[in-house]
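The following exercises are to be worked through with the sequence and the three-dimensional structure at hand. Each task is followed by a solution in steps.

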Amino acid sequence: MAARSDLAFDPWDPEFVADPYPVYAALRARGRVHHYEPTNQWLVPHHADVSALLRDRRLGRTYRHRFTHEEFGRTPPPPEHEPFHTLNDHGMLDLEPPDHTRIRRLVSKAFTPRTVRRLEPYVRRLADELVCRLVEAGGGDLLTDVAEPLPVAVIAQMLGIPEADRGLLRPWSADICGMYELNPSEETAARAVRASVEFSAYLRELIAERRKEPGEDLISGLIAAYDEGERLTEQELVSTCVLLLNAGHEATVNATVNGWWALFRHPAQLAALRADHSLVPTAVEELLRYDTPLQLFERWVLDDIEIDGTVIPRGAEIAMLFGSANHDPAVFAEPERLDLTRRDNPHISFSAGIHYCIGAPLARVELAASMTALLRRAPALRPAAEPERKPNFVIRGLKGLPVVVA
Ligand code: HEM
């Protein structure tokens, strides 16, 4: 474990993870940028700075398009981690232009507002079915019964993953996502490497099948783009599929349960929502702001920048605190108050700039669908026990959310 810092920010402390928001307030009051020794990163807590940095081309999610590890003053990852990095580094989230632009253009066709609108009835029907089953059982675990199966089924359906294989996705995703926490352990890395090898092999086989026998799915679409214009390499295709499958459910699962846990802790707000379902769209946005599902995103400094008089040199790493930006009183009136009617809500939960979440319209449809189904079919839904929080800081979530319906 890394040495603690004099900042109260401590992503390995369960108490901090349970409620990081007071520490964020202290960080914002103390200044605009803070060097954090344990991870050797520059923490940025203010909304205006996070928002500007996300759009600043002097920063990047990778530096490999411009520098070698050595030129950038960084040690290359150990060779035994290579399968994880090969997979991760060829997905658009970890690429910069021009590769990022090329891949994003191909993929974004599948996530246009029109395509997502066409999916909406299917997403609603699925949400309804899942909630009906929960109601028939008298309750269960909101995480495993509704929050998880909905986005997993939707993204798997879009990519054409056979139904029988969908159970494989969650464990692979969880093992790979362990690497996005700060200072992951060797054990976490070993799990991520194993999952990367298995997931890649699985997709290569599926891609070979689709190449022989194309379907209506996104994998077949991306193969066709590849075969026609050679605009995606095989590795980019595999990495893109993994990114879509993981990003396509991981944060939505957490946003659903974090959101409902926040609602249960604010009974007056929940009662207002139950009385007026037209609040669902603003409620979804407010819950994404109030308990931010992805708390921190990193960028490399490719060319020196200056924040509030502090020069942050090329080679440094910035950690933008999304949860803090979303609670910045300079932007949100009474940020610590959950207000499901909040209209002026420029939260940053889906990021900004060139990596802005490609799945945001789909995530919104999914979150609204499960919320509406739960409000309609389980109007007395309540927690059966205090949920246990996952120890992770970056990807914020619960281990489960036991509920009863009456
Ligand atoms: C509540 C749910 C979700 C949240 C909070 C979320 C959040 C984010 C954030 C913050 C980023 C950008 C990270 C950065 O700037 O470094 C991102 C990127 C991305 N997200 Fe989402 N996401 C969600 C759901 C989805 C869904 C449903 C998909 C479906 C495919 C998806 C696919 C992606 C992809 C492909 C990227 C990479 C975009 C790029 O690099 O250009 N996300 N997401």
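Helices (H or I, at least four residues) and strands (E, at least two) are DSSP runs, numbered from the N terminus. This is a predicted model, in which local features need pLDDT of at least 70 and side-chain atom pairs count only at pLDDT 80 or more, while totals for chains, interfaces and linings use all residues. Residues are numbered from 1 along each chain as its sequence is written, and side-chain values use heavy atoms, with hydrogens and water left out.

**Exercise 1.** Identify the protein donor to the iron atom of the ligand and place it in the fold.

Solution. Donors are N, O and S atoms within 2.8 Å of the metal (3.2 Å for Na, K and Ca); water is not among the atoms, so sites may look incomplete. The protein supplies a single donor to the iron, SG of Cys357, at 2.3 Å. Cys357 is found in the loop between helix 16 (322–325) and helix 17 (360–377).

**Exercise 2.** Determine the backbone and burial of Ser351.

Solution. Ser351 belongs to the loop between helix 16 and helix 17. Its phi is near 70 degrees, a positive value in a residue other than glycine. Buried means under 20% relative accessible area, exposed over 50%, and partly exposed in between (1.4 Å probe, protein chains only). Ser351 has 13% relative accessibility and so counts as buried.

**Exercise 3.** Carry out the analysis of Exercise 2 for Asn183.

Solution. Asn183 lies in the loop between helix 9 (169–177) and helix 10 (186–212). Phi of Asn183 is near 45 degrees, again positive in a residue other than glycine. With a relative accessibility of 43%, Asn183 is partly exposed.

**Exercise 4.** Describe the surroundings of helix 13 and of Asn254.

Solution. Helix 13 (residues 250–264) has 15 residues. Since 15 of the 15 residues are buried, helix 13 is largely enclosed by the rest of the structure. Asn254 lies in this helix and is buried, with a relative accessible area of 1%. Contact means heavy atoms within 4.5 Å. Leaving aside residues up to four places away in sequence, Asn254 touches Gly259, Lys390, Ile395, Arg396, Gly397 and Leu398.

**Exercise 5.** Locate the cis peptide bond between Pro97 and Pro98.

Solution. The bond from Pro97 to Pro98 is cis, with omega near 5 degrees. Pro98 lies in the loop between helix 4 (82–89) and helix 5 (99–108).

Note on methods: The expected span of a helix is 1.5 Å times one less than its number of residues.
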